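Here's a quick briefing to read alongside the model. Have the viewer open and follow along topic by topic.

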Amino acid sequence: MKTVQISLNSIDKVKSFVNAITQFDYDFDLISGRYVIDAKSIMGIFSLDLSKPIDLAIHAEEELEAILEVIKPYLAA
């Protein structure tokens with residue numbers, strides 16, 4: 001498992017992020033404070049505070065490099 005920080009500060013970013021990670025058969029969790037939600041759930045993402053970066057837990061080992069390449073536009077600086 002790997003955890004990275006991402007920024008989803010617009011509706012378009014949320015939609016494209018979910019489309020990007022849905023192509024992988026792994027679990028992705030977004031962690032904001034005490035809330036943990038499925039990162040493939042658009043409705044779940046909108047229940048979080050999107051004004052600041054969120055932790056993304058990637059539950060994958062094999063395709064980690066490919067996943068990181070796909071989510072690169074969303075990584076928090």
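Is D49 buried, exposed or partly exposed? D49 counts as partly exposed, because its relative accessibility is 35%, and buried would need a value under 20% while exposed would need one over 50%. Keep in mind that this is a predicted model. In outline, the chain has three helices and four strands, and the elements come in the order β-α-β-β-α-β-α as you read along the sequence.

**Overall build**

- The radius of gyration comes out at 11 Å, close to the 11 Å that the globule rule gives for 77 residues, so the chain is as compact as a globular protein of that length.
- If you want a box for the C-alpha atoms, roughly 30 × 25 × 25 Å along the principal axes will hold them.
- Of the 77 residues in the chain, 39% are buried.
- On the outside, the chain exposes about 4600 Å², and 52% of that area is supplied by carbon and sulfur atoms.
- Take the contacts between residues at least 6 apart in sequence: 64% of them join residues at least 24 apart.

**The sheet**

- The four strands make an open sheet in the order β1-β4-β2-β3, and the pairing is antiparallel.
- At the edges sit β1 (2-6) and β3 (35-38), each of which pairs on one side only.
- Going from one strand to the next, the twist averages 30°.
- As general background, side chains in a regular strand alternate between the two faces of the sheet.

**The β2-β3 hairpin**

- β2 covers residues 27-32 and pairs with β3 in the antiparallel sense, over four bridges.
- Two of the residue pairings are easy to pick out: S32 has Y35 in β3 as its bridge partner, and D29 has D38 in β3.
- Two residues lie between the strands of this hairpin, and G33 takes a positive phi near 65° there.

**S7 and its surroundings**

- S7 sits in the loop between β1 and α1, the helix that spans 11-22.
- Despite that loop position, S7 is buried, because its relative accessible area is 16% and the cut-off for buried is under 20%.
- Which residues does S7 contact once its neighbours within four places in sequence are left aside? They are K13, Y74 and A76.

**Salt bridges**

- How many salt bridges does a search of the whole structure find? The search finds two.
- One joins the side chains of K52 and D49, with an N to O distance of 2.9 Å.
- K52 has a relative accessible area of 45%, so K52 counts as partly exposed, and its partner D49 is partly exposed too, at 35%.
- The other links the side chains of E69 and K72, at 3.4 Å from N to O.
- K72 is also partly exposed, with a relative accessible area of 48%.
- In general terms, side chains of opposite charge can pair when their charged atoms come close.

Note on methods
Residues are numbered from 1 along each chain as its sequence is written. This is a predicted model: local features need pLDDT of at least 70, side-chain atom pairs count only at pLDDT 80 or more; totals for chains, interfaces and linings use all residues. Side-chain values use heavy atoms; hydrogens and water are left out. Two strands pair if DSSP finds at least two bridges between them. Axes are lines fitted to C-alpha atoms, for helices over the stretch in contact, and angles run from 0 to 180 degrees between N-to-C directions. The radius of gyration is taken over C-alpha atoms; the globule rule is 2.2 Å times the number of residues to the power 0.38. Buried means under 20% relative accessible area, exposed over 50%, partly exposed in between (1.4 Å probe, protein chains only). Contact means heavy atoms within 4.5 Å. Accessible areas come from the Shrake-Rupley method with a 1.4 Å probe; for residues, only the protein chains shown count as cover. A salt bridge is a side-chain nitrogen of Lys or Arg within 4 Å of a carboxyl oxygen of Asp or Glu.
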